[in-house]
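Dear colleague,

I am handing over to you the structure shown below. Please look through it first; my findings follow.

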Amino acid sequence: MALVSDVTFRKMRFDIDESVPFQWNAANPASGLMSNVISFFAVGFERYIVLAAKDALRIIEDADLRAEAEVFLAQEAQHSAAHRKHVNALIAQYPALGTTLDRVIAAYEDLYAAKPLKSHLAYIASLEATFPPLFTFMIEKRDLLYHGDCRVASLFLWHYIEEIEHRSSADIIFDGVVHSRWYRLRTLVTSMTHVGQIARLITEGIGAAVPADDIGVPPDAATMDMWRTELLAHLPVVSRFFHTGYPTLFRDVSGRRLVKLVAGLVRSQLPTHHPADVEVPGWFHTWMASHAAGEDMAHYCARSPCVRCGSCRCRTARPSRGSRSCACWGPGGWGRYISPNIRGCHARTRSNCCPRNGRPMRSTGTGSVGKLIWRRSCGVRTSWACTIGVRPTANSGSPWTSSTGSTQGGS
Ligand SMILES: [Fe+2]
Ligand SMILES: [Fe+2]
């Protein structure tokens, strides 16, 4: 009898349509971009999982192992469909992104045709093993990483919760079919290289299809290169001389927490590691309890309701004292005016955190490709805790480019 986990399939629907902006997370645009990349990736990868799980089911005879594979397959198929909905919404706004999705799916179909089943199960088990430490981190830091459009944040947080729930499934199926953890270790580099290639493919497609101002950060902020960037941005002394020119994904996360994350990722690939041993975050139980209580999980971000904007539909409000608006994404909320509002927050943040350095260190380029480079202590502490106070008609364009003109917002 195979060792099995306790996983449940739950039918979910999310409120995602063409009104979801590409940059849905203005407070952390690198996170918004990364999430969009994950959506493209998930459509291809989880479809690949479904193919492999179906082929594995043809040779699995153990009843418990079959049950594990079936519920794993069902959850992943639903993940793929939910992310497809998000990707379709983005493609409706930027039709050229359709080519990127086609290339991701083709890349996984080519991989599936080229290698044996045990290779696919090893790839899936290796990548799924990284999810408990990675998504536990994402969930714990959700206020920093997912403070944006709650419709999108809810989709990702649900996915992360279910990835943690079925964290052992791929491991159990691989052990039940292939019986060789050393084989998985041998294929690890090939598998992770392929993941990196897919991420590069997606970011290149996004860079070609979506205007830079709509992305908000350079497209390669969501490739594997980001780990090198985060390392340099967090290293003592080195970080003083390392300037990205944009707010990095983990800028507000401590170096100690990032070291813990990387250690967890490395540990997840050891042959002696079992994903079931990873402790789940406390919010996992909160989410499960809320779902069991019948709450609206399509708009579930665990934030306080907006106290200023009665029409807020997504409960991601951050009251902005002294301003005419609020920080929610509902009608009238500041989410409709991403650029000028972040610009206003920059001005305020700079004046608060480093009054002696209220001017950019230097600027590069002009127009839509120009950038203002701030000192790290100023430029990377961006808007999400700031008061909003800029007229929405001030201008358009990315807050990270010189096209925004003066950075002195406020009213
Ligand atoms: Fe998934
Ligand atoms: Fe999964």
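The chain contains 16 helices and two strands. Please bear in mind that the model is a predicted one. Of the 411 residues in the chain, 45% are buried. Among contacts between residues at least 6 apart in sequence, 73% join residues that are at least 24 apart.

I then turned to the interior. The largest nonpolar core has 78 residues, and those with the most contacts inside it are Val 37, Phe 41, Val 104, Ile 173 and Ile 202. At least two residues of this core are supplied by each of H1, helix H2 (63-93), H3, H4, helix H6 (150-165), helix H7 (169-177) and H9. The largest share, 15 residues, comes from H1.

One member of this core, Val 104, deserves a separate look. Leaving aside residues up to four places away in sequence, Val 104 touches Phe 40, Phe 41, Val 43, Gly 44, Ile 198, Leu 201 and Ile 202.

Ile 198, Leu 201 and Ile 202 are also among the buried residues of H9. Helix H9 covers residues 188-209, 22 residues in total, and reaches 32 Å from its first C-alpha to its last, close to the 32 Å expected at 1.5 Å a residue. Its other buried residues are Ser 191, Ala 199, Thr 203, Gly 205, Ile 206 and Ala 209. What covers the buried residues of H9? The cover includes helix H1 (29-59), helix H3 (97-114), helix H4 (117-140) and helix H10 (212-215).

With kind regards

How values were computed: Residues numbered from 1 in each chain as written. Chains lettered and ligands numbered in written order. Predicted model: local features only at pLDDT ≥ 70, side-chain atom pairs only at ≥ 80, totals over all residues. Helix = DSSP H or I, 4+ residues; strand = E, 2+ residues; numbered from the N terminus. Expected span 1.5 Å × (residues − 1). Buried ≥ 20, exposed ≤ 12 C-beta atoms within 10 Å, placed from the backbone. Contact = placed C-beta atoms within 7 Å. Core = buried A, V, L, I, M, F, W, Y, C linked by C-beta atoms within 7 Å.
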